[in-house]
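Student: I would like a close look at the aromatic pairs in this protein. Could you walk me through them and the parts they join?

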Amino acid sequence: MFVQNGQKKSENKKTILIIGADGFLGLNTVKAFIENGYFVYAVVNDGIPKYLVDSINVEILDTNFKDKNSYKCLKTLNLDSVIHIPPDEFEPKDDEETEKAHFKSLKKFSKVPFKNKIIHISSVDVCGIKDFINEYENCPYEKKPVNLHQKYKIKAEKYIRKKLENHIILRTGILRNKNYSTIEQKVKKFLKLSPYIMHFGKWNGANRLLFSDVKNVSDVILACVLSDEIKNKVINVSDKKFTSVDEYYSEIALKYFPKKRFKRIFLPLFAGKLAGWVSTFISKCLDLRHPLFEPTLYFLYFMSSSMDFSNKKCDEILNNFKLQKEVSL
């Protein structure tokens, strides 16, 4: 069922549809567009943040992926652009029905009439979970996805690039701001159980952990919507700052366990694969929402790889965007 919350009016403002407006990135993106004079139609995945309810510039749309009438109602909105933000899940779920539902929703939302473009948020792991050194956006897709979440992200990108004439695909790393990151609780859980900071693989913790500041990502989304020149592109959105895995472990250890002293242990990758496989297998069998223990196999591969992607396009867009804002002021 399609429900309009509060029957708010756009009052001739530019309008944007943000799917996944309740997530970590989604809420930051909503705020960015409101600050720049937009009226936001917000589709939520799970909960409804108070900010969305209280804002006079937000209309909450409660839609069911399986309800065809939801999408018919969306066609009545006078939209400038559509932004598709999948749920914030660092540990991808292996629920195929859920992944299929999100992919089907993307296909349906992409057919909603809009004037400008559709922006889809993806992630760098569509290129695989392995060592990359300053890799650009044209790297090939992973041929053997680790899990269903990765598989459907690749499928979504291929669909958009083939079917939609005016699109932008933004690939992010691990989303974070100064207080929070999407893997923080997983690292905290691991350190709580382990007396050591363990690093697996050849890097010994010196490999890059690719972060994407949510403010930068929302600014890039905004810049892509406002610019007529940016279209039909794939763009990596990553931070300039190099953060190693060991630096991040140390940061979380200091934040949550300031009195605990961790020693470092460096082990070959195969030493962690057994524990990762057991954790993943049991978690799937029991259909657990969160893994039984860390690391899972996916987490192990991710933390032992150097996902070092080029952010050259991202820097150019952000620099031009900041210059344009300064000129307008």
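Tutor: Happy to. Counting rings of Phe, Tyr and Trp whose centres lie within 6.5 Å, there are 11 aromatic pairs. Take Phe103 and Tyr152 to begin with: their ring centres are 6.2 Å apart and their planes make an angle of 50 degrees, so this pair is tilted. Phe103 belongs to helix H4 (residues 96-109) and Tyr152 to helix H5 (residues 148-163), so to speak two distant parts of the chain, 49 residues apart, linked by the pair. Please keep in mind that this is a predicted model.

How accessible are these two rings' residues? Phe103 has 11% relative accessibility and counts as buried, and Tyr152, at 6%, counts as buried too. The pair also belongs to something wider: Phe103, Tyr152 and Tyr159 form one aromatic cluster.

Now look at the two helices that carry this pair. The axes of H4 and H5 come within 10 Å and cross at roughly 15 degrees. With angles under 35 degrees counting as roughly parallel, H4 and H5 are therefore roughly parallel to each other. The crossing of H4 past H5 is right-handed. On the H4 side, the residues in contact are Glu96, Glu99, Lys100, Phe103, Leu106 and Lys107. Facing them from H5 are Leu148, His149, Lys151, Tyr152, Lys155, Ala156, Tyr159 and Ile160. If you trace this contact on your screen, you will find Phe103 listed for H4, and Tyr152 and Tyr159 listed for H5, which are the members of the cluster.

A second pair is worth a visit. Phe132 and Phe309 are also tilted, with 4.8 Å from centre to centre and 40 degrees between the planes. Here the link is between strands: Phe132 lies in strand E7 (residues 132-135) and Phe309 in strand E14 (residues 307-309), 177 residues apart. Phe132 is buried, with a relative accessible area of 7%, and Phe309 counts as buried at 1% relative accessibility.

Some rings have a charge for company. The charged end of Lys186 sits over the ring of Phe299, 5.4 Å from the ring centre. Likewise, Lys260 lies over the face of Phe257, and the distance to the ring centre is 5.5 Å.

For an aromatic residue in another setting, turn to Tyr196, which is placed in strand E10 (residues 196-200). Tyr196 is partly exposed, with a relative accessible area of 33%. Leaving aside residues up to four places away in sequence, Tyr196 touches Phe190, Leu191, Phe262, Lys263 and Ile265. Measuring from C-alpha to C-alpha, Tyr196 and Phe266 are 10.0 Å apart in space, with their positions 70 residues apart in sequence.

It helps to set H4 and H5 beside another helix pair. Helix H1 (residues 24-35) and helix H7 (residues 214-226) pack at about 50 degrees, with their axes 9 Å apart. That angle makes H1 oblique to H7. H1 passes H7 in a right-handed crossing. The contact brings Phe24, Leu25, Asn28, Thr29, Ala32 and Phe33 of H1 to Val214, Val217, Ser218, Ile221, Leu222 and Val225 of H7.

Finally, the setting for all this: the protein has 11 helices and 14 strands, and 53% of its 329 residues count as buried. Among contacts with a separation of 6 or more, 79% come from residues 24 or more positions apart.

Technical notes:
Residues are numbered from 1 along each chain as its sequence is written. This is a predicted model: local features need pLDDT of at least 70, side-chain atom pairs count only at pLDDT 80 or more; totals for chains, interfaces and linings use all residues. Side-chain values use heavy atoms; hydrogens and water are left out. Rings of Phe, Tyr and Trp (its six-membered ring) pair if their centres lie within 6.5 Å; planes under 30 degrees apart count as stacked, over 60 as edge-to-face and the rest as tilted. Helices (H or I, at least four residues) and strands (E, at least two) are DSSP runs, numbered from the N terminus. Buried means under 20% relative accessible area, exposed over 50%, partly exposed in between (1.4 Å probe, protein chains only). A charge sits over a ring if NZ of Lys or CZ of Arg is within 6 Å of the ring centre and within 35 degrees of the ring normal. Axes are lines fitted to C-alpha atoms, for helices over the stretch in contact, and angles run from 0 to 180 degrees between N-to-C directions. Angles under 35 degrees count as roughly parallel, over 145 as roughly antiparallel, 65 to 115 as roughly perpendicular and the rest as oblique. A crossing is left-handed if the near helix is turned anticlockwise from the far one by less than a right angle, and right-handed if clockwise. Contact means heavy atoms within 4.5 Å.
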